[in-house]
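Trainee: I should like to go through this structure with you and ask how each term is justified.
Mentor: Please do; let us begin once the sequence and structure are in view.

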2 protein chains.
Amino acid sequence: MNQINNSKPAETFRYLILATERQGRSIFKETFKKIGVTGAQAEVLKVLQENEPLSLKELGAMLICETESPSRLINRLVTTGWVQKETSEKDSRFVNLSLSKEGKEKVLQITKIEDSLYKMLEQSVPIEILENLNMQLSNLLSEQPISHTLRLRGIIK
Amino acid sequence: MNQINNSKPAETFRYLILATERQGRSIFKETFKKIGVTGAQAEVLKVLQENEPLSLKELGAMLICETESPSRLINRLVTTGWVQKETSEKDSRFVNLSLSKEGKEKVLQITKIEDSLYKMLEQSVPIEILENLNMQLSNLLSEQPISHTLRLRGIIK
DNA sequence: TCAATTTAAATGACATGTCATCTATTATCA
DNA sequence: TGATAATAGATGACATGTCATTTAAATTGA
C-alpha cells in the first residue's frame, strides 16, 4: 500500500484526481485509437445514441468533456459520416443532431471497448471501494455546476 | 446525499473522476486568470521552483498535465519572462531551465491562490474523507506509469 | 409593424495535448 | 577515426478546450 503525503490532503487530492484522469484518458485513448475515434468523439457518439435527436446546446450541456457549443467537434463527426446534422424545421437557429447508420455501428465498437476496460477496473478494485469512491466524489460535486450535467447523464440522481 | 448509479460502478467512477477534474480545473482557471497564468503554466512554475534547474525532459517527467517534452509551453514562459532557458555547457542537446526573478514572484502569487483554494476544499470536506480518498486513489495508481511522476513530485511515496 | 433584445451556432485566436518528423549533438563501436 | 545509433529538443499538423466576436433567426414589447 502506498504512503501518501498527508500534510497537504487537499493538494494531494488535486493531483491524484489529475493523475487518475490522465491515466484513464491515456488508457481509453490507446484503445479508441484502434477504431479511429478520440475520447471526446466517443462521448458525443454515446450521448447521441442515448438521447438523439439533440441540439448543439443540449448536447453541450450533457458533455463532461465539453462545456460549450461543440460546433467543431460535431462538424468533424459530420464530415467523418457518423453524425447527421439537420437544421430544425421549427426554428432554424437550431440544428438536430443524430447518429448515422455508420455512427450507430461505431458506437457498438466504442461500447465494447468501454465495457472491457470497465471490467478490468472492476476486477482490479473491490466493488465496495469503487462504490465508496463514487459516493464520496458525487457528494463533493453535488453543489457544483457540473452536477447538472451528471444528473442529465444519469451518473448521479 | 446523492444517489449514484451503482449498476455500473466503473463507468460511474470514470465520469465522476472526469467531472471532478473538470470542475477543479475550472475553479483554478478562474482564479489563475486574475494573475495571467494558465493551469499548465502554474504547474511548470511550481515544479521549477522546487527542483530547478531541470532539463526539458526532466521537467516533462514531473508534469502531471504534460507527458512529453513541453517545448512550446516552456518557450511561452521564456517569452513571458518567467523562465530562463540556457543551453547546457556540458551537453548542448540539453537546456537548463530555471525561474527568473519575475517567475519566483509569480510563484508566490500562484501559491497564495492554491493555498486558499485548498483551504476551501479542506473546510468543505472532512479531512478523514479526503485522506481516505487519497489513499484509495493512490492505491489505484500505484502500478500505473503515472505513479512514477507522482513519486517524483512527492505526492505518493 | 418594426426596433430592440435574446438566442443558437459558427468562427477567430490562442493554449495545450499528441504523434510524427526533423535537426543537432553526443555516445558507441568496429 | 569515422560511421552508426541514441538522445534532447524543436516543429508541423491535427484535435480539442476556452473566450470573444459575429451572423442569422426568433422573441418581445411598444
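**Reasoning from values to terms**

Mentor: Of the 157 residues of chain A, 49% count as buried. Please keep in mind that this is a predicted model.

Trainee: What makes a residue of chain A count as buried?

Mentor: A residue is called buried if its relative accessible area is under 20%. N134(A), located in helix α6 (residues 127-141) of chain A, serves as an example. Its relative accessibility is 0%, so N134(A) counts as buried.

Trainee: Which residues is N134(A) in contact with, leaving aside its neighbours within four places in sequence?

Mentor: They are I4(B), P9(B), T12(B), F13(B) and L16(B). Contact here means that heavy atoms lie within 4.5 Å.

Trainee: Why is Q23(B) called buried?

Mentor: Q23(B) has a relative accessible area of 9%, and the limit is 20%, so the term applies. This residue belongs to helix α1 of chain B. Not counting residues up to four places away in sequence, Q23(B) touches L141(A), Q144(A), P145(A) and I146(A).

Trainee: How is chain A itself built up, from the N terminus on?

Mentor: The elements run α-α-α-α-β-β-α-α-α, with seven helices and two strands in chain A. The C-alpha trace of chain A spans about 60 × 35 × 25 Å along its principal axes. Among the chain A contacts between residues at least 6 apart in sequence, 52% join residues at least 24 apart.

Trainee: How do you know that the two copies are related as by a two-fold rotation axis?

Mentor: Chain B can be laid on chain A by a turn of 180° and a shift of 0.0 Å along the axis, with an RMSD of 0.0 Å. The copies are therefore related as by a two-fold rotation axis. The same surface serves both copies, for 100% of the contact residues of chain B recur in chain A.

Trainee: What makes a set of residues a nonpolar core?

Mentor: The members must be buried residues of the listed nonpolar kinds, joined through side-chain atoms within 4.5 Å. The largest such core has 94 residues. Those with the most contacts inside it are F13(A), L137(A), L150(A), F13(B), L137(B) and L150(B). In soluble globular proteins, nonpolar side chains tend to be buried together.

Trainee: Which residues does L150(A) contact, leaving aside its neighbours within four places in sequence?

Mentor: In chain A they are I64(A), L141(A), I155(A) and I156(A), and in chain B they are Y15(B), L16(B) and A19(B).

Trainee: What makes the link between the side chains of E43(B) and R153(B) a polar contact?

Mentor: The distance is 2.6 Å, and the cut-off for such a pair of N or O atoms is 3.5 Å, so the pair qualifies. E43(B) lies in helix α2 of chain B. With a relative accessibility of 4%, under the limit of 20%, E43(B) counts as buried. Leaving aside neighbours within four places in sequence, E43(B) is in contact with residues including Y15(A), M62(B) and R153(B).

Trainee: How do you know that the peptide bond from E52(B) to P53(B) is cis?

Mentor: Its omega is near 0°. P53(B) is placed in the loop between α2 (39-51) and α3 of chain B. In chain A, a cis peptide bond joins E52(A) and P53(A), with omega about 0°. Most peptide bonds are trans.

Trainee: Which residues come nearest to DNA strand D?

Mentor: Of the 24 residues around the strand, T38(A), R76(A), K29(B), S71(B) and K85(B) come nearest. Sugar and phosphate account for 79% of the atoms of DNA strand D that come within 4 Å of the protein.

Trainee: What polar atoms lie beside a phosphate oxygen of DNA strand D?

Mentor: One is a side-chain atom of R76(A), at 2.5 Å. Another is a backbone atom of K57(B), at 2.8 Å from a phosphate oxygen. R72(B), by contrast, has a polar side-chain atom 2.6 Å from a base oxygen of the strand.

Trainee: How is the surface near DNA strand D divided by class?

Mentor: It has six nonpolar, six polar and twelve charged residues. The largest share of this surface, three residues, comes from α4(A).

Technical notes. Residues are numbered from 1 along each chain as its sequence is written. Chains are lettered from A and ligands numbered from 1 in the order in which they are written. This is a predicted model: local features need pLDDT of at least 70, side-chain atom pairs count only at pLDDT 80 or more; totals for chains, interfaces and linings use all residues. Side-chain values use heavy atoms; hydrogens and water are left out. A residue is near a molecule or strand if one of its heavy atoms lies within 4 Å of it. A polar contact is a pair of N or O atoms within 3.5 Å; within protein, one must be able to donate a hydrogen and the other to accept it, and residues adjacent in sequence count only if both atoms are side-chain atoms. Helices (H or I, at least four residues) and strands (E, at least two) are DSSP runs, numbered from the N terminus. Ala, Val, Leu, Ile, Met, Phe, Trp, Tyr, Cys and Pro count as nonpolar, Asp, Glu, Lys and Arg as charged, and the others, Gly among them, as polar. Copies are superposed by least squares on the C-alpha atoms of residues with pLDDT of at least 70 in both. Buried means under 20% relative accessible area, exposed over 50%, partly exposed in between (1.4 Å probe, protein chains only).
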